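Subject: A structure for you, with some notes

Hi there,

Here is the structure I promised to pass on. Please open it next to this message, and my notes will follow below.

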Amino acid sequence: MSENSEFRFGPATGVGSMPGGDAREAAKTVTGSLEDFPFLAELPARGPGADMIGRTAGMLVELYARVEPSGWRIGDRPGRDTKRARSWLREDLDALEEFTQGYEGPLKVQAVGPWTLAAALELKNGEAVLSDTGACRDLAGSLAEGLRLHLDEVRRRVPGAQVVLQLDEPSLIAVLRGQVRTASGYRTHRAVDRQVVEATLRNVIGVHEGGQNVVHSCAPDVPFALLRRAGATAISFDFSLLTERDDDVIGEAVEGGTRLFTGVVPGVDGPLSDPAGSVMGVRTLWRRLGLQPGLLAKAVTVTPSCGLAGASPDYARKALAQCVRAARSLADNPE
């Protein structure tokens, strides 16, 4: 039986990052709060190498990065920054393994996608990898191989898991629109052709062939159609940034079987509404699109609007619990 036979997404999950620097505490919170769809927590508060760019840079194969004052830069050999990133990832995996003994079901892992990574990583000359077509191609290939190894490691540690791969692409729209600034800040890099963007994403997503793949962006104007063509089986987004312009592509996505990870619970400390109130906008969207209410639980996974790194530990626990209760509200009262 394959990993994804009879696969079912969980009703609620997190985006990726959590507050604090204690891997065991984060894993305990995640697995305790999200019994049906836990995720491998990221803890950027630990510093460079635990941040989303550094963490993914540590996964690269035969490419290495180090921290410079301006950010992460490609280097010739693995230095202390790469070693630190890999060490923290092992620590996070150790903690996850400890708290998922006997677990069977969906389990999500996250990494930065190829285009956000190309916009953030610098070449030796200080310009973004995005400035060099060949470098972009090499980076995507290195990332794909690194993700393949990472997925194998997660499956080894949690053999009952149906692994879901999430690619974080908050800079994707800026890449498509030519809005990523050069090192000087006076110009922007040329927009990348949509077909090239799509093909590269398809190649990276393809390392999880036959598996479930999510692309996450908490930026406005998520390119739903492009991501679906690239092979994303689910799309994760900040629900508050949707406009009625997105209605058609959302409706097409749902009818095409794409799962929606709707970010409806705020990612920073603040008052939380009742669970039904958190997903009221989702119900409104469903009615506006004329979709069957019974589809809601089958098509929607409830998440925070973005990562929880900026939240307090207490609020992060409450936010994950709110996602679970809000998802239950959708299932119990779809109309």
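Which residue follows H9, and what is the sign of its phi? Gly-257 follows this helix, and its phi is positive, near 90°.

Before going further, a word on the ground rules. This is a predicted model, in which local features need pLDDT of at least 70 and side-chain atom pairs count only at pLDDT 80 or more, while totals for chains, interfaces and linings use all residues. Residues are numbered from 1 along each chain as its sequence is written, and side-chain values use heavy atoms, with hydrogens and water left out. Helices (H or I, at least four residues) and strands (E, at least two) are DSSP runs, numbered from the N terminus.

**Two helices with a buried face**

Back to H9, which spans residues 247–255. Its buried residues (buried means under 20% relative accessible area, exposed over 50%, partly exposed in between, with a 1.4 Å probe and protein chains only) are Asp-247, Ile-250, Gly-251, Ala-253 and Val-254. Seen down the axis of H9, they fall within an arc of 160°, so they line one face of the helix; the arc is taken from the directions from the helix axis to the C-beta atoms. Asp-248 and Glu-255, on the other side of H9, are exposed. The buried residues pack against H8 (224–229), S6 (234–238), S7 (259–265), H11 (280–289) and H12 (296–299), where contact means heavy atoms within 4.5 Å.

H11 can be read in the same manner. Its buried residues are Val-282, Arg-283, Leu-285 and Trp-286. Down the axis of H11 these fall within an arc of 160°, so they line one face of the helix. Met-280 and Arg-287 are exposed on the face turned away from the buried side. Among the partners of the buried residues of H11 are H9, S7 and helix H13 (313–332). Gly-290 follows H11, with a positive phi near 70°.

**The cores**

Next, the nonpolar cores (sets of buried Ala, Val, Leu, Ile, Met, Phe, Trp, Tyr and Cys residues joined through side-chain atoms within 4.5 Å). The largest has 95 residues, of which Trp-115, Leu-121 and Leu-130 touch the most other members. Helix H5 (residues 133–157) gives the most to this core, with 9 residues. A second, separate core has 7 residues, including Phe-7 and Phe-261.

**Aromatic pairs**

Those two phenylalanines turn up again here: Phe-7, Phe-9, Phe-37 and Phe-261 form one aromatic cluster. Rings of Phe, Tyr and Trp (its six-membered ring) pair if their centres lie within 6.5 Å; planes under 30 degrees apart count as stacked, over 60 as edge-to-face and the rest as tilted. The whole structure holds 5 aromatic pairs. One of them joins Phe-7 and Phe-9, edge-to-face, at 4.8 Å centre to centre with 85° between the planes. Both Phe-7 and Phe-9 are buried. Phe-37 and Phe-261 are also edge-to-face, at 6.0 Å and 80°. Phe-37 lies in the loop between H1 (23–33) and H2 (52–57) and Phe-261 in S7, so this pair ties together parts that are 224 residues apart in sequence.

**Two backbone angles to look at**

Most residues other than glycine have a negative phi. Glu-62, however, has a positive phi near 60°; it sits in the loop between H2 and strand S1 (64–68) and is exposed, at 69% relative accessible area. Asp-221 has a positive phi near 60° too. Asp-221 is in the loop between S5 (212–217) and H8, and is partly exposed at 27%.

Happy browsing!
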